[in-house]
Amino acid sequence: MPKMKTNSGAKKRFTLTGTGKIKRKHAFKSHILTKKTKKQKRRLTNTGLIAKVDVHSVKLLLALK
């Protein structure tokens with residue numbers, strides 16, 4: 001059976017941590033930043049983790065399962 005291909009879009013968006021969790025970046029931080037508050041932009045800078053519901057589907061996209 002052939003190897004699973006990694007989804008190239010997911011490869012660019014998600015990274016795996018040492019403990020096996022999946023890190024992601026926040027949306028809404030790329031443009032139209034003038035109308036967003038400093039507080040909002042500062043919070044969007046930090047990375048987040050994938051929700052439990054989405055872990056299975058993201059792992060399939062990254063060919064980890």
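# Exercises on a predicted protein model

Isoleucine 50 is placed in the loop between β3 and α3. The structure is a predicted model, and the exercises below begin with this residue.

## Exercise 1. The surroundings of isoleucine 50

Determine whether isoleucine 50 is buried or exposed, and identify which residues it contacts beyond its neighbours within four places in sequence.

**Solution.**

Step 1. A residue counts as buried under 20% relative accessible area. Isoleucine 50 has a relative accessible area of 14%, and therefore it is buried.

Step 2. With neighbours within four places set aside, the contacts of isoleucine 50 are Phe14, Ile22, Arg24, Val55 and Val58.

Step 3. One of these contacts can be followed along the chain: isoleucine 22 and isoleucine 50 are 28 residues apart in sequence, yet 5.8 Å separates their C-alpha atoms.

## Exercise 2. The nonpolar core

State which residues make up the largest nonpolar core, and find which residues valine 58 touches when those up to four places away in sequence are not counted.

**Solution.**

Step 1. The largest nonpolar core has six residues: Ala10, Phe14, Ile22, Ile50, Val58 and Leu62.

Step 2. Under the stated condition, valine 58 touches Phe14, Ile22 and Ile50. These three residues are listed among the members of the core.

Step 3. A general tendency may be recalled here: in soluble globular proteins, nonpolar side chains tend to be buried together.

## Exercise 3. The sheet

Describe the order and the pairing of the strands in the sheet, and explain why β1 and β3 each have one side without a neighbour.

**Solution.**

Step 1. The sheet is open and consists of three strands in the order β1-β2-β3, with antiparallel pairing.

Step 2. The edges are occupied by β1 (15–16) and β3 (48–49); each has a single partner strand, so one side of each lacks a neighbour in the sheet.

Step 3. Between β1 and strand β2 (residues 22–24), the antiparallel pairing runs over two bridges. Threonine 15 stands opposite lysine 23 in β2.

## Exercise 4. Arginine 24

Locate arginine 24, classify its accessibility, and state which backbone oxygen its side chain reaches.

**Solution.**

Step 1. Arginine 24 belongs to strand β2.

Step 2. The partly exposed class lies between the buried limit of 20% and the exposed limit of 50%. Arginine 24 has 27% relative accessibility, so it counts as partly exposed.

Step 3. Leaving aside neighbours within four places in sequence, the contacts of arginine 24 are Arg13, Phe14, Thr47, Gly48, Leu49 and Ile50.

Step 4. The side chain of arginine 24 reaches the backbone oxygen of leucine 49 at 3.2 Å. The C-alpha atoms of arginine 24 and leucine 49 are separated by 5.8 Å, although their positions lie 25 residues apart in the count along the chain.

## Exercise 5. The chain as a whole

Give the pattern of helices and strands along the sequence, and explain why the chain is described as more spread out than a compact globule.

**Solution.**

Step 1. The protein chain has three helices and three strands, which follow the pattern α-β-β-α-β-α along the sequence.

Step 2. For 65 residues the globule rule gives 11 Å, whereas the radius of gyration is 15 Å, well over that value; the chain is therefore more spread out than a compact globule.

Step 3. Along the principal axes, the C-alpha atoms fill a box of roughly 50 × 25 × 20 Å.

Step 4. Of the 65 residues, 14% count as buried.

Methods
Residues are numbered from 1 along each chain as its sequence is written. This is a predicted model: local features need pLDDT of at least 70, side-chain atom pairs count only at pLDDT 80 or more; totals for chains, interfaces and linings use all residues. Side-chain values use heavy atoms; hydrogens and water are left out. Helices (H or I, at least four residues) and strands (E, at least two) are DSSP runs, numbered from the N terminus. The radius of gyration is taken over C-alpha atoms; the globule rule is 2.2 Å times the number of residues to the power 0.38. Buried means under 20% relative accessible area, exposed over 50%, partly exposed in between (1.4 Å probe, protein chains only). A nonpolar core is a set of buried Ala, Val, Leu, Ile, Met, Phe, Trp, Tyr and Cys residues joined through side-chain atoms within 4.5 Å. Contact means heavy atoms within 4.5 Å. Two strands pair if DSSP finds at least two bridges between them. A polar contact is a pair of N or O atoms within 3.5 Å; within protein, one must be able to donate a hydrogen and the other to accept it, and residues adjacent in sequence count only if both atoms are side-chain atoms.
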